Amino acid sequence: KFEGFGVVGYDNIKGKYESVWLDSMGTGMMKGQGTYEANTKTFTDSGEFSDPTSATKTRTYRTEWKIVSKKETVFSLFGKGDDGKEFKQMELTYKR
């Protein structure tokens, strides 16, 4: 059974948002920093995580949370392939 847990908070000293994600499929945590753009209603963060399946053991990621309305948010996760090119790994739409 897959289970995951994430936390996002604002660091007043750094002036940035920080995020942490952990789940039952990995042995490490995804840790990132990001910003919120009020004009596009988009929170973007990026960071790295331990990846036991890769040769380097560390991979980078980028996420976008777009607030569509008070009842809808779209989350997108981007990663880099072995060729170094970024691609969308996942997109989730949350609706109330």
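The following exercises, with worked solutions, concern aromatic contacts in a predicted model.

**Exercise 1.** Classify the geometry of the aromatic pair formed by Tyr-17 and Phe-43, and state which strands the pair ties together.

*Solution.* The structure holds five aromatic pairs. In the pair of Tyr-17 and Phe-43, the ring centres lie 5.4 Å apart and the planes meet at 85°. Because planes over 60 degrees apart count as edge-to-face, the pair is edge-to-face. Tyr-17 belongs to strand E2 (residues 16-23) and Phe-43 to strand E4 (residues 42-50), so the contact ties together parts 26 residues apart in sequence. Tyr-17 and Phe-43 also form one aromatic cluster with Tyr-10.

**Exercise 2.** Determine whether Tyr-17 and Phe-43 are buried, partly exposed or exposed.

*Solution.* Tyr-17 has a relative accessible area of 27%. This value falls between the limits of 20% and 50%, so the residue is partly exposed. Phe-43 has a relative accessibility of 9%; since buried means under 20%, Phe-43 counts as buried.

**Exercise 3.** Analyse the pair of Trp-65 and Phe-75 by ring geometry, position in the chain and accessibility.

*Solution.* The ring centres of Trp-65 and Phe-75 are 4.6 Å apart, and their planes lie at 55°, so the pair is tilted. Trp-65 is in strand E5 (residues 58-69) and Phe-75 in strand E6 (residues 72-80); the two are 10 residues apart. Trp-65 is partly exposed, at 29% relative accessible area, whereas Phe-75, at 10%, counts as buried.

**Exercise 4.** Identify which residue lies over the face of Phe-78.

*Solution.* The residue is Arg-62, at 4.1 Å from the ring centre of Phe-78.

Technical notes
Residues are numbered from 1 along each chain as its sequence is written. This is a predicted model: local features need pLDDT of at least 70, side-chain atom pairs count only at pLDDT 80 or more; totals for chains, interfaces and linings use all residues. Side-chain values use heavy atoms; hydrogens and water are left out. Rings of Phe, Tyr and Trp (its six-membered ring) pair if their centres lie within 6.5 Å; planes under 30 degrees apart count as stacked, over 60 as edge-to-face and the rest as tilted. Helices (H or I, at least four residues) and strands (E, at least two) are DSSP runs, numbered from the N terminus. Buried means under 20% relative accessible area, exposed over 50%, partly exposed in between (1.4 Å probe, protein chains only). A charge sits over a ring if NZ of Lys or CZ of Arg is within 6 Å of the ring centre and within 35 degrees of the ring normal.
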